Amino acid sequence: EESMDDSESKLLDKLDEMKKSKTRSGHTVQSTKKEVDDFKEHYEILQAEDKILERSHRREFTDCSNAMVDALFKHYKRRPKFARKHAGDIDASSLNPYSERPSSARQAAYASNALSKGLEELDDIKHAPDSLDLS
């Protein structure tokens, strides 16, 4: 009978742990859904801003010829789309207390690599002006 009581208490403890884990998981799912919704809202705002900039592009170059405005708009459309970070942006991995944290040296190396890749993309021949002689 004593072994049955011990096994019952162990099972009850395990059940309590599982219930707590389920509650924590539910909170994590809710917070993640909120983050996704916030990101979608932020993305839609950025898309709307981009459309407004495209529409107002011609008005900003009223003192230039139509050919020049067309060329500028063509280059504007081909510009690399970099992710814009705002002060209010939150890194999703920073919210999870159990996630791995990269060392500052690793973060610096990652930032350096990202900068190098961005500069290489800008140096690509497809971003060169049409009037550039490639020979």
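**Salt bridges, surface patches and histidine contacts in a predicted helical model**

The structure holds 2 salt bridges, and the model in which they are found is a predicted one. One of these joins the side chains of lysine 34 and aspartate 38, with a nitrogen-to-oxygen distance of 3.0 Å. Both residues belong to helix 1, where they are separated by 4 residues, or about one turn of the helix. Lysine 34 counts as exposed, since its relative accessibility of 53% lies above the limit of 50%, whereas aspartate 38, with a relative accessible area of 38%, is partly exposed.

The other salt bridge is formed between the side chains of lysine 77 and glutamate 54, with 3.3 Å from N to O. This pair links distant parts of the chain, as lysine 77 lies in helix 2 (residues 66–77) and glutamate 54 in helix 1, with their positions 23 residues apart in sequence. Lysine 77 counts as partly exposed at 42% relative accessibility, and glutamate 54 is likewise assigned to the partly exposed class, with a relative accessible area of 22%. The value for glutamate 54 places this residue outside the buried class because buried residues are those under 20%.

With regard to the overall architecture, the secondary structure of the protein consists of 3 helices and 0 strands, which gives the pattern α-α-α when read along the sequence. Of the 135 residues of the protein, 7% count as buried. The accessible surface of the protein comes to about 12,200 Å², and carbon and sulfur atoms contribute 56% of this area. Among the contacts in the protein with a separation of 6 or more, 57% are accounted for by residues 24 or more positions apart.

Histidine 57, which is placed in helix 1, falls into the buried class, because its relative accessibility of 8% is under the 20% limit. When residues up to four places away in sequence are not counted, histidine 57 touches Val69, Leu72, Phe73 and Tyr76.

A further histidine, at position 127, is located in the segment after helix 3. Histidine 127 and proline 80 are 47 residues apart in sequence, while their C-alpha atoms are 8.6 Å apart in space. Proline 80 is also one of the contacts of histidine 127 that remain once neighbours within four places in sequence are left aside, the others being Arg78, Glu121 and Leu122.

Two surface patches, one charged and one nonpolar, were also examined. The charged patch is negative and is formed by Glu1, Glu2, Asp5, Asp6 and Glu8. Of its members, glutamate 2 lies in helix 1, which spans residues 2–60, and this glutamate is classed as exposed because its relative accessible area of 63% is over 50%.

The nonpolar patch on the surface is made up of Leu115, Leu119 and Leu122, which together have about 280 Å² of accessible area. Leucine 115 is part of helix 3 (residues 104–123) and counts as exposed, with a relative accessibility of 56%. Leu122 thus appears both in this nonpolar patch and among the contacts of histidine 127.

How values were computed: Residues numbered from 1 in each chain as written. Predicted model: local features only at pLDDT ≥ 70, side-chain atom pairs only at ≥ 80, totals over all residues. Heavy atoms only, no water. Helix = DSSP H or I, 4+ residues; strand = E, 2+ residues; numbered from the N terminus. Buried < 20%, exposed > 50% of the residue type's maximum accessible area, 1.4 Å probe, protein only. Contact = heavy atoms within 4.5 Å. Areas by Shrake-Rupley, 256 points an atom, 1.4 Å probe, with all protein chains shown as cover. Patch = residues over 30% accessible without salt bridge, like charges linked within 9 Å, V, L, I, M, F, W, Y side chains within 5 Å. Salt bridge = Lys/Arg side-chain N within 4 Å of Asp/Glu carboxyl O. Lys, Arg positive; Asp, Glu negative; His and termini not counted. Charge placed at Lys NZ, Arg CZ, Asp CG, Glu CD.
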